[in-house]
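Okay, everyone, thanks for coming. I've got one structure to walk through today, so let me put it up on the screen.

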Amino acid sequence: MMPRSRPARVDLTMRGSLYVLFAAVPLGVVGELDATAGGLAVLAGGLAAAQGLAAAVLLHQSIDHRLGRGPKPRVRLVAAVLLTVAAVAAAVPVSDLTDGSWAFVTMVLLASLLVALDPLLPTRSVTTIALLGWLVAAGPGIYADAGAFGPYLALFLIPLFLLATERFTVWTIDVIWQLDDAQHVRAELAVAEERLRFARDLHDVAGRTLSVVALKAELAAQLGKRGRPEAVAEMLEVRRIAQDSLAELRAVVSGLRTARLDEELAGARSLLGAAGIACRVIGDSDGLGPRARSTLGWAIREATTNVLRHSRATECVIELDRSAGEVALTMTNDGAGGVAATAGNGLTGLAERVREAGGTVEAGSVTPDRFRVVVRLPSAEPVPSSDAEPVPSSDAERRVEGMA
């Protein structure tokens with residue numbers, strides 16, 4: 001079973017605290033019943049308990065419908081209304097008709113139904129129903145004794161309190177899920193912005209030069225058909241433009257293929273923070289060789305992608321540990337479960353890259369609910385302060401490097 005996300009846990013807590021109020025419905029009703037009524041009192045108490053449970057279930061589905069996460073609960077609505085009518089009809093005859101107990105029982109049952117209906121109804125309708133319910137419950141008592149207006153008016157505070165609690169809870173839950181959606185959108189926008197940047201650079205480099213190559217080649221073809229010696233010069237120019245374009249394209253691609261450790265650490269903090277995941281970095285990369293820095297940069301990039309795509313993490317810790325002859329990168333998040341606990345294509349490719357650099361990769365779940373990626377590499381000699389040339393990470397990339 002996958003662990004709940006942070007918004008889901010807050011949602012469950014807020015709803016649970018609200019549903020506890022419905023436990024007071026049968027308790028309040030039973031406390032006002034005449035115990036000497038025997039079976040009728042037991043029936044009224046049972047119907048009150050069933051009505052409280054039905055109202056809680058109806059409220060749960062009403063909130064889901066309000067948040068756009070479920071259909072309108074028509075069947076639950078009918079069941080809750082029928083149980084409310086039955087509970088009122090059973091409880092009033094066995095409650096004290098002289099001290100207003102019957103009015104209290106009626107108002108409690110109507111208030112629980114009203115709270116369950118509130119997410120489905122406009123505010124004006126809820127106010128009208130509350131006023132009508134109060135008149136039904138308190139009207140006869142006020143008519144019989146004008147001095148009882150104050151106590152009966154106090155009954156009106158019951159639905160007001162419950163409605164205020166329910167509306168605040170629903171509003172809080174709605175805000176929490178909106179913030180969660182906004183964090184996911186921010187993370188997706190960050191990825192989309194990087195893709196657009198690369199697409200723009202690729203278009204600027206390849207689009208312009210390929211257009212010139214096509215034009216020059218067409219000109220050379222026409223000159224060749226006419227036997228003009230200028231065709232050779234045009235083709236040499238085409239070759240020069242193509243070589244320059246290849247060098248520019250290789251520079252653009254190397255910016256993506258080469259993972260600089262410090263840049264990847266900063267990028268991981270930014271992306272994870274945009275997704276609402278707290279990121280903490282322990283250790284530093286001083287003294288690492290170019291191959292180790294590039295490989296560890298790739299490890300951070302792939303592990304960060306894995307966290308964003310496959311986990312429900314709220315915290316991620318990146319540790320760089322230097323020991324005799326070895327450097328270890330450990331990246332741990334608290335969102336293990338489901339797909340996050342398996343090694344996908346990204347981690348498989350990372351393992352191949354790390355093996356080429358003479359290291360090892362370990363990835364898997366750690367109790368109780370964490371996922372950890374550990375990359376171990378042999379330490380390299382200190383590097384100069386200037387940026388080193390990127391190291392091709394596979395035979396295919398080495399062949400591409402030699403084509404220019």
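Let's start with a pair of helices: are α3 and α4 roughly parallel or roughly antiparallel to each other? Before I answer, keep in mind that this is a predicted model. Two packed helices are described by the angle between their axes and the distance between the axes. Here, α3 covers residues 74-91 and α4 covers residues 101-117, and they pack at an angle of about 175° with their axes 9 Å apart. Anything over 145 degrees counts as roughly antiparallel, so that's what α3 and α4 are.

So who's touching whom? On the α3 side you've got L77, A80, V81, T84, A87, V88 and A91, and they meet V105, T106, L109, L110, L113 and L117 from α4. If you sort that contact by class, you get eleven nonpolar residues, two polar ones and no charged ones.

Now bring in Q51, which sits in helix α2, residues 39-66. Is Q51 buried or exposed? Its relative accessible area is 1%, so Q51 is buried. Leaving out residues up to four places away in sequence, Q51 touches V25, L83, T84, A87, L109, S112 and L113. You'll recognise some of those names: T84 and A87 are on the α3 side of the helix pair, and L109 and L113 are on the α4 side. There's also a distance to look at, from Q51 to V88: they're 37 residues apart in sequence, and their C-alphas are 9.9 Å apart in space.

Let me step back to the whole chain for a second. We're looking at 404 residues, with 38% of them counting as buried, and there are twelve helices and five strands. Take the contacts between residues at least 6 apart in sequence: 72% of those join residues at least 24 apart.

Okay, further along. E264 is in helix α9, residues 261-274. At 14% relative accessibility, E264 counts as buried, because the cut-off is under 20%. Which side chain does E264 make a polar contact with? That would be R301, at 2.7 Å, side chain to side chain.

Next is I277, in the loop between α9 and β1. I277 has 6% relative accessibility, so this one's buried too. Not counting residues up to four places away, I277 touches L272, V307, L308, A313, T314, E315 and C316. With L308, the C-alpha separation is 9.1 Å, and the two are 31 residues apart along the chain.

One more buried residue: F371, in strand β5, residues 370-378, with a relative accessible area of 2%. The C-alphas of F371 and N333 are 5.5 Å apart, with their positions 38 residues apart along the chain.

Last thing, confidence. The average pLDDT is 76, and 76% of the residues score at least 70. Where is confidence highest and where is it lowest? The high end is strand β3, residues 326-333, at a mean of 90, and the low end is helix α12, residues 395-401, at 38. Two stretches fall below 50: residues 338-343, with twelve contacts beyond near neighbours in sequence, and residues 381-404, with 29 such contacts. Where pLDDT is low, the predicted coordinates shouldn't be read in detail.

That's me done, so over to you.

Methods: Residues numbered from 1 in each chain as written. Predicted model: local features only at pLDDT ≥ 70, side-chain atom pairs only at ≥ 80, totals over all residues. Heavy atoms only, no water. Axes fitted to C-alpha atoms, helices over the stretch in contact; angles between N-to-C directions. Helix = DSSP H or I, 4+ residues; strand = E, 2+ residues; numbered from the N terminus. Parallel < 35°, antiparallel > 145°, perpendicular 65-115°, else oblique. Contact = heavy atoms within 4.5 Å. Nonpolar A, V, L, I, M, F, W, Y, C, P; charged D, E, K, R; others polar. Buried < 20%, exposed > 50% of the residue type's maximum accessible area, 1.4 Å probe, protein only. Polar contact = N/O pair within 3.5 Å; in protein donor to acceptor, adjacent residues only side chain to side chain. pLDDT = per-residue confidence, 0-100.
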